[in-house]
Amino acid sequence: MADKLNFDQPLVEEAREVRERAYAPYSNFKVGAAIRTGSGKVFRGANVENISISLTICAERSAGVAAVAAGELEWEEIAVVAGTSRPTSPCGACRQFLAEFNPNLKVVVANQDEVFYTTTVAELLPKAFDNETYKSQAVD
Ligand code: THU
């Protein structure tokens, strides 16, 4: 596991700030995420729920689509902040989504008061279905 103390503190603050913008009237479970890209830019996202519950988009994917829309596909680090006393780490769907852009993406898991740990997408999603696997299909 990556070093707990080795993370981007301003990135965590960005995630804490944007968490306030979460639209979570159904769960009241607000999450903020901030992604730092290779160019040093930061893209923020919060969870957005919907009355048709399954349409909910998580904070991590919300931040990710903002980065892609800005043409920023090289992601270095993501901070994820929830209001829980235990670590809220990205859901399975978000792990796969993040792996598309960088399996070695650093993931910082925090709440408003503390940082619980840093890890990587590869640690969160071992043996992932990835592009190399996809390309290795035999021609038939
Ligand atoms: N959620 C996130 O945005 N990110 C996570 O890492 C965990 C869950 C959201 C989805 C939903 O709006 C609410 O939290 C409760 O699951």
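Visitor: Why does T37 count as buried?
Guide: Buried means under 20% relative accessible area (exposed is over 50%, partly exposed in between, with a 1.4 Å probe and protein chains only). T37 comes out at 0%, so it counts as buried. Bear in mind that this is a predicted model: local features need pLDDT of at least 70, side-chain atom pairs count only at pLDDT 80 or more, and totals for chains, interfaces and linings use all residues. Numbering starts from 1 along each chain as its sequence is written, and side-chain values use heavy atoms, with hydrogens and water left out.

Visitor: Where is the place of T37, and in which strand?
Guide: T37 belongs to strand β1, residues 31–37. Strands here are DSSP runs of E with at least two residues, helices are runs of H or I with at least four, and both are numbered from the N terminus.

Visitor: What is T37 in contact with, leaving aside its neighbours within four places in sequence?
Guide: F43, A67, E72, E74, W75 and E76. Contact means heavy atoms within 4.5 Å.

Visitor: W75 again! What makes a nonpolar core?
Guide: You need buried Ala, Val, Leu, Ile, Met, Phe, Trp, Tyr and Cys residues, joined through side-chain atoms within 4.5 Å. The largest such core has 19 residues, and W75 is one of those touching the most other members, along with I78, L98, L105, V107 and V121. Strand β3 (75–82) gives the most to this core, four residues.

Visitor: Which residues does a second, separate core include?
Guide: That core has nine residues, among them L11, V12, A15 and V108. L11, V12 and A15 are buried residues of helix α1 (9–19), as are R16, V18 and R19. The buried residues of α1 pack against β1, β2 (42–46), β3, β4 and β5 (115–120).

Visitor: How do you know that N47 has a polar side-chain atom close enough to the ligand for a polar contact?
Guide: A polar contact is a pair of N or O atoms within 3.5 Å; within protein, one must be able to donate a hydrogen and the other to accept it, and residues adjacent in sequence count only if both atoms are side-chain atoms. The N47 atom lies 2.9 Å from a ligand oxygen, so the pair falls within 3.5 Å. E49 has a polar side-chain atom 2.5 Å from a ligand oxygen. Taken alone, the ligand exposes 370 Å², of which the protein buries 79%; such areas come from the Shrake-Rupley method with a 1.4 Å probe, and for residues only the protein chains shown count as cover.
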